[in-house]
Amino acid sequence: MHLRHLFVGKGVHETMDDTSTLIDVKEYPDTEVQKNRVLTLEEWREKWVDGKIGFHQEQGHQLLKKHLDTFLKGENVLRVFFPLCGKAVEMKWFADRGHCVVGVEISELGIREFFTEQNLSYSEEPIMEIPGAKVFKSSSGNISLYCCNLFDLPRVNIGKFDRIWDRGALVAVNPGDRKCYTDIMLSLTRKGFRYLLAVLSYDPTKHPGPPFYVPDAEIKNLFGSTCNIHCLEKVDVFEERHKSWGIDYIVEKLYLLTEKDRA
């Protein structure tokens, strides 16, 4: 059954308490089916070398464009973090608007392709705290991309961020590492942060991932104690290429995470 019609008529803003957002938990009681799945950093590097980067969106992310005002909230000169950034064109969007962009990516090839394709000159230097790692900086100074394992990032003082754009990151992290990943992300946030998170919903018994299936209950478990969680939109993103995954539908969900008021 295709799920497109299930989302017709839903409000733009939904909370985690809205039962309509629990559809995948009901649909797939075995949400642990992918929990032991592991991809190595070398396997991710090989995807870039082999050009297997179907996750890259040359035109940028349409839901981000649509909800950009909600994300930025009219604020200027923000620090925006891109976990597992690849060569996301949105990094240039934000830099062109005067924001400071920082990303982390394991593939040096991906980072170099970003600067080349965006026609940006850059410099590179070693990251002293992480042997073998590098940071690539645009000549304009407002884009810095760290080529290293994201889990090594806490060793580097990259400061705090006003915004985090998490598309293709939480869904790519090995399921067993999600708690550690979330802890790192939240440790990088400034007071008043806004965290935009895109995840995917499909039948996890038919496709092993990545991208991995992240159910609503998992998001609530990872972020619920510190963040308000709002589902901004659900969109059918099924394409012909997804048939090779063995699935017949895939839904992208966009969440806005904001800081809970502390008593």
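**Figure 1. An aromatic cluster formed by Phe114, Phe115, Tyr122 and Phe136.** This view, like the others, is drawn from a predicted model. Within the cluster of Phe114, Phe115, Tyr122 and Phe136, the rings of Tyr122 and Phe136 form a tilted aromatic pair, with 5.9 Å from centre to centre and 50° between the planes. Because Tyr122 belongs to strand β4 (residues 122-126) and Phe136 to strand β5 (residues 134-138), the pair ties together parts that are 14 residues apart in sequence. The two partners can be told apart by their accessibility: Tyr122 is partly exposed at 28% relative accessibility, whereas Phe136 is buried at 0%.

**Figure 2. An edge-to-face aromatic pair between Phe71 and Phe94.** The structure holds nine aromatic pairs, and in the one shown here the ring centres of Phe71 and Phe94 are 6.0 Å apart, with 70° between the planes. Phe71 lies in helix α4 (residues 68-72) and Phe94 in helix α5 (residues 90-96), so that the pair links distant parts of the chain, 23 residues apart. Both rings are withdrawn from the surface by the criterion of relative accessibility, since Phe71 is buried at 0% and Phe94 is buried at 1%.

**Figure 3. The largest nonpolar core, with 37 residues.** The members that touch the most other members of this core are Phe81, Tyr146, Met185, Tyr195, Leu197 and Phe223. At least two residues of the core come from each of β3 (100-105), β7 (161-167), α7 (178-187), β8 (189-201), α8 (216-223), β9 (227-236) and β10 (251-259). Another core, of 27 residues, lies apart from it and has Leu63, Leu196, Ala198 and Leu256 among its members.

**Figure 4. Helix α7 and the packing of its buried residues.** The buried residues of α7 are Arg178, Tyr181, Thr182, Ile184, Met185 and Leu186, and they pack against β2 (79-82), β7, β8, α8 and β9. Which residues does Met185 contact, once its neighbours within four places in sequence are left aside? They are Phe81, Pro83, Leu150, Ile164 and Tyr195; of these, Phe81 and Tyr195 also appear, together with Met185 itself, among the residues that touch the most other members of the largest nonpolar core.

**Figure 5. Arg79 over the face of Phe161.** Arg79 is placed over the face of the Phe161 ring, at 4.4 Å from the ring centre.

**Figure 6. The surroundings of Cys85, a cysteine in no disulfide.** A search of the whole structure finds zero disulfides. For Cys85, the nearest cysteine sulfur is that of Cys147, 9.1 Å away, whereas a pair of cysteine sulfur atoms counts as a disulfide within 2.5 Å. Cys85 is buried, with a relative accessible area of 6%, and Cys227 is likewise buried, at 2% relative accessibility.

**Figure 7. Two cis peptide bonds in the loop between β8 and α8.** The bond that joins Gly209 and Pro210 is cis, with omega about 0°, and the bond from Pro210 to Pro211 is also cis, with omega near -5°. Pro210 lies in the loop between β8 and α8, and the place of Pro211 is in that loop as well.

**Figure 8. Positive phi angles at Lys73 and Leu84.** Lys73, in the loop between α4 and β2, has a phi near 55°, a positive value in a residue other than glycine. Leu84, in the loop between β2 and α5, is not a glycine either, yet its phi is positive at about 45°. Is each of these residues exposed or partly exposed? Lys73 counts as exposed, at 53% relative accessibility, while Leu84 is partly exposed, with a relative accessible area of 27%.

**Figure 9. His242 in the loop between β9 and β10.** Although it is placed in a loop, His242 counts as buried, at 3% relative accessibility. Leaving aside neighbours within four places in sequence, His242 is in contact with Val237, Ile247 and Ile250.

**Figure 10. Residues 1-27, where pLDDT stays under 50.** The mean pLDDT of the protein is 86, and 85% of its residues reach 70 or more. Over residues 1-27, by contrast, pLDDT stays under 50, and for this stretch the model has 51 contacts beyond four places in sequence.

Key. Residues are numbered from 1 along each chain as its sequence is written. This is a predicted model: local features need pLDDT of at least 70, side-chain atom pairs count only at pLDDT 80 or more; totals for chains, interfaces and linings use all residues. Side-chain values use heavy atoms; hydrogens and water are left out. A nonpolar core is a set of buried Ala, Val, Leu, Ile, Met, Phe, Trp, Tyr and Cys residues joined through side-chain atoms within 4.5 Å. Buried means under 20% relative accessible area, exposed over 50%, partly exposed in between (1.4 Å probe, protein chains only). Helices (H or I, at least four residues) and strands (E, at least two) are DSSP runs, numbered from the N terminus. Contact means heavy atoms within 4.5 Å. Rings of Phe, Tyr and Trp (its six-membered ring) pair if their centres lie within 6.5 Å; planes under 30 degrees apart count as stacked, over 60 as edge-to-face and the rest as tilted. A charge sits over a ring if NZ of Lys or CZ of Arg is within 6 Å of the ring centre and within 35 degrees of the ring normal. pLDDT is the predictor's confidence in each residue, from 0 to 100.
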